[in-house]
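Morning, everyone. I'll walk through one model, starting with its core and then moving to strands and a helix. Here it is on the screen.

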Amino acid sequence: MRIITGKYKGRHFDVPRSFKARPTTDFAKENLFNVLRAYLNFEETSALDLFGGTGSISLELLSRGCRRVVTVERDRQHFAFIASTLRSLGDPAAAPLCTEALRFIGRCRERFDLVFADPPYTLSELGELPDRVLGGTLVADGGLFVLEHGKGYDFSDRPDFIEHRAYGSVNFSFFRKAATPVI
């Protein structure tokens, strides 16, 4: 696994063969970040990477200068790998957490400008993630939620849906949280 661009560009990390997680392909990751660049100023962004897996997305966010990147991963082996790679960067913006993502969504009181979720494609609650993530306070007003999923999902009828991008078998749906009206 390699970091594509930014201050850590070219850094490589060997993902253990025993991992169950599938890292987002470099092709899909590069295109994802090209789209995100149109929506975000990374240097002003606090980000949450749910279902961290290998930590690939978190590494890219840190490399692009995000001011805070929280990575949530429940699998202890995967978490240990993510924590080790983040420690090797020595970036104070990195905050790995070993916890279950769905529980974290309900408990977290921090707000993020960007929430990225790459759950297992077989996760039974995958279709509910936009409601769970955008329905609470996890995403800041005007913030972005990006969901990586298989081709069997279509979220285009949601009012907070922005766009869908497909790169091979990797699909990304983008959502924008509406600003809360001031009363």
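**Cores, strands and one helix**

The largest nonpolar core has 32 residues, and those with the most contacts inside it are Leu32, Leu36, Leu61, Leu62, Leu114, Val146 and Phe172. By nonpolar core I mean a set of buried Ala, Val, Leu, Ile, Met, Phe, Trp, Tyr and Cys residues joined through side-chain atoms within 4.5 Å. Buried is under 20% relative accessible area, exposed is over 50%, and partly exposed is in between, with a 1.4 Å probe and protein chains only.

Which elements each supply at least two residues of this core? Helices H1 (26-39), H2 (56-63) and H3 (76-89) do, along with strands S4 (112-117), S5 (139-149) and S7 (170-176). H1 gives the largest share, 5 residues. Helices (H or I, at least four residues) and strands (E, at least two) are DSSP runs, numbered from the N terminus.

A second, separate core has 26 residues, among them Phe104, Cys108, Val115 and Leu138.

Housekeeping. This is a predicted model: local features need pLDDT of at least 70, side-chain atom pairs count only at pLDDT 80 or more, and totals for chains, interfaces and linings use all residues. Residues are numbered from 1 along each chain as its sequence is written, and side-chain values use heavy atoms, with hydrogens and water left out.

Next, S7. 6 of its 7 residues are buried, so S7 is largely enclosed by the rest of the structure. Phe172 touches residues including Ala28, Leu32, Phe116 and Val146, leaving aside residues up to four places away in sequence. Contact here is heavy atoms within 4.5 Å.

S7 pairs with S5 in the antiparallel sense, over 6 bridges. Pairing requires at least two DSSP bridges between two strands. Leu144 stands opposite Arg176 in S7. Strand S6 (residues 161-167) also runs antiparallel to S7, joined by 6 bridges. There, His164 has Ser173 as its bridge partner. The S6 and S7 hairpin has 2 residues between the strands, and Gly168 takes a positive phi near 65°.

Last, H3. What does it pack against? Its buried residues meet H2, strand S2 (68-72) and strand S3 (94-97). Those buried in H3 include Phe79, Ile82, Leu86 and Leu89. At the start of H3, a side-chain oxygen of Asp75 comes to within 3.0 Å of the backbone nitrogen of Gln77. After H3 comes Gly90, with a positive phi near 65°.

Methods:
A polar contact is a pair of N or O atoms within 3.5 Å; within protein, one must be able to donate a hydrogen and the other to accept it, and residues adjacent in sequence count only if both atoms are side-chain atoms.
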